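Please open the model in a viewer with the backbone drawn as a cartoon. The tour below proceeds by selection, and each stop states what is to be found there.

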Amino acid sequence: MSIDQPTASAPPEIFEAVEVNDELIAAFQQLIPQLSSSNPPPSEDELNNIVASNASRLLMARVDGQLVGSLTLVLFRIPTGVRAWIEDVVVDDVARGRGVGAALNNAALDLARSEGATTVDLTSRPSREAANRLYKRLGFEMRETNVYRFKI
Ligand SMILES: CC(C)(COP(=O)(O)OP(=O)(O)OC[C@H]1O[C@@H](n2cnc3c(N)ncnc32)[C@H](O)[C@@H]1OP(=O)(O)O)[C@@H](O)C(=O)NCCC(=O)NCCS
């Protein structure tokens with residue numbers, strides 16, 4: 001077994017980041033380039049803004065002592081109820097295929113439920129094949145709607 005292929009032994013520990021430290025900052029420097037080529041990793045101040053807000057809940061995955069994944073659950077109330085969005089799901093390449101992504105999503109669904117949401121939304125480009133397979137396997141269903149974006 002090579003050193004960069006972790007064993008499937010330890011189940012991932014999923015927790016909500018409530019403070020920013022060097023380990024968290026370093027984890028995002030490692031993870032964000034694996035998610036986006038156009039957005040830099042968040043700075044310490046930006047991470048502080050995320051964890052300070054009740055609307056953005058930063059879930060982290062730890063395996064064998066290392067932070068290997070992240071998911072942000074966005075929660076906000078609108079006139080028709082509590083909205084929940086899953087954003088910025090990423091698992092380090094060396095830890096993929098071991099259920100970390102599934103564990104992060106399941107923890108986000110539990111948290112959304114406990115905050116009063118009755119649905120959870122996300123979008124994923126079709127080219128993200130592993131992600132789309134994962135979401136369908138977890139029970140997300142395609143929804144017929146038009147997704148628009150206005151570029152500022
Ligand atoms: C999508 C992503 C978060 C999944 O994380 P993960 O920890 O591998 O997720 P899981 O192990 O729970 O399941 C992922 C699926 O992909 C497969 N897979 C993904 N990468 C794999 C790898 N390197 N080796 C083996 N299988 C892999 C898994 O077997 C599983 O397949 P299945 O759904 O057919 O059973 C991860 O691939 C990732 O970070 N991708 C890049 C960023 C991205 O696309 N994010 C989603 C944005 S919408």
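Select Leu58 and then Thr72: Thr72, in strand S3, is the bridge partner of Leu58. In this predicted model, the pair belongs to an antiparallel arrangement in which eight bridges join strand S2 (residues 56-63) to S3 (residues 66-78).

Next, follow S2 to its end and display the turn. S2 and S3 form a hairpin with two residues between them. One residue in this turn, Asp64, has a positive phi of about 50°.

Continue along S3 and add strand S4, residues 81-91, to the selection. S3 and S4 are antiparallel and are paired over nine bridges. To see one position in this pairing, select Gly69 and Val91; Gly69 stands opposite Val91, which lies in S4. S3 and S4 likewise make a hairpin, with two residues between the strands.

Now move to helix H1, residues 22-31, and show the side chains of Ala27, Phe28 and Leu31, which are its buried residues. Turn the view to look down the axis of H1: these buried residues fall within an arc of 95°, so they line one face of the helix. An α-helix has 3.6 residues a turn, so residues three or four places apart point the same way.

What do the buried residues of H1 pack against? Select helix H2 (44-52), together with S3 and S4, to display the elements against which they pack.

Finally, rotate to the face of H1 turned away from its buried side. The exposed residues carried there are Asp22, Ala26 and Gln29.

Terms used:
Residues are numbered from 1 along each chain as its sequence is written. This is a predicted model: local features need pLDDT of at least 70, side-chain atom pairs count only at pLDDT 80 or more; totals for chains, interfaces and linings use all residues. Two strands pair if DSSP finds at least two bridges between them. Helices (H or I, at least four residues) and strands (E, at least two) are DSSP runs, numbered from the N terminus. A residue is buried if 20 or more other C-beta atoms lie within 10 Å of its own, exposed if 12 or fewer, and partly exposed in between; C-beta atoms are placed from the backbone. The arc is that of the directions from the helix axis to the C-beta atoms. Two residues are in contact if their C-beta atoms, placed from the backbone, lie within 7 Å.
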